[in-house]
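User: I would like to learn how to read helix packing, nonpolar cores and backbone angles in a model. Could we take them in turn?

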Amino acid sequence: MRFGCHISTKNGYLGAARTAKAIGAAAFQYFPKNPRSLRIKKFDHRDAERCAAFCAEHHIASIGHSAYGCNLSTDQHQRQAVIDCLLNDLDITNACGSIGTVVHFGAYHGDDPLEGYKRMIDTLNEILFKWDGDSFILIENNAGKGDQMGLTLEELVKIRELTERPEKIGFCFDTCHAFAAGLWTGTNWTEVMDKGKEIGYFQHLKVVHLNNSVYPAGSRRDRHANLKSGQIKLEHLLEFCASEVIRELPLILETPSSDSYSHIHEINDLKSWMPQTS
Ligand SMILES: [Zn+2]
């Protein structure tokens, strides 16, 4: 299985790919640019191309994650900045040979929920109209903190279908968010899987964020925990990983990392918990 984690680009994109290899990760996620700003980055194309070549040589999958402020349902004031930010991320992930760039489902706090979805579709259409690279926009399910958009697989499938170029959109499934949203309770994976298959979710699922949750199912609170220490039982997480619709995908840890329990430890644990598949 392709286990990995989020990795810093402090030594560039190639540096992040080298770190992934050094820690035994078969996949990694990175921020194409500063995640706390929407500012455009003039990136080092040679570094990005070397990253792509290194990952191809060592069979490492990579994924970008867009800035936190990239809200697809934002208002007119920020809309252009979000569009430019995502196009810049797509450019970078494409040059790095990455599958795509993850962006959260839109967030909207106004009175009319339909307006939130409409803005999201308009923003995606404008981005995709200008985008002809191979990297996908990977829409991630929300935890439900603050607003109620993007908590169900139906919404993800529907938004994708309603855009003018759905073929450029894939999905990212975050286990902590799904648990916090009450979509996945730990014990209902078969049900979620059947529903996802029925509505055509899984054929567009490209990456998984593999996180446990500090808070209980349905809490709508988003805080990631290490796999063996959160509210989702480890056996349920492992059952999830081994399921037919998940096991071929890159599984990225976005869990806390410390000197005493780093991502190297957690990836090694995952490999030992799932020896038959790793
Ligand atoms: Zn995530």
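Analyst: Axes are lines fitted to C-alpha atoms, for helices over the stretch in contact, with angles running from 0 to 180 degrees between N-to-C directions; helices (H or I, at least four residues) and strands (E, at least two) are DSSP runs numbered from the N terminus. This is a predicted model, in which local features need pLDDT of at least 70 and side-chain atom pairs count only at pLDDT 80 or more, while totals for chains, interfaces and linings use all residues. Residues are numbered from 1 along each chain as its sequence is written, and side-chain values use heavy atoms, leaving out hydrogens and water.

User: At what angle do the axes of α5 and α7 cross?

Analyst: The axes of α5 (residues 153–162) and α7 (residues 189–199) come within 10 Å and cross at roughly 15 degrees. That makes α5 roughly parallel to α7, a label for angles under 35 degrees, whereas those over 145 are roughly antiparallel, 65 to 115 roughly perpendicular and the rest oblique. In the contact (heavy atoms within 4.5 Å), α5 contributes Leu153, Glu154 and Val157, and α7 contributes Val192, Lys195, Gly196 and Ile199.

User: Which non-glycine residue in the loop between α2 and β3 has a positive phi?

Analyst: Most residues other than glycine have a negative phi. His59, however, has a positive phi of about 55 degrees and is found in the loop between α2 (45–58) and β3 (61–65). At 66% relative accessibility His59 counts as exposed, where buried means under 20% relative accessible area, exposed over 50% and partly exposed in between (1.4 Å probe, protein chains only).
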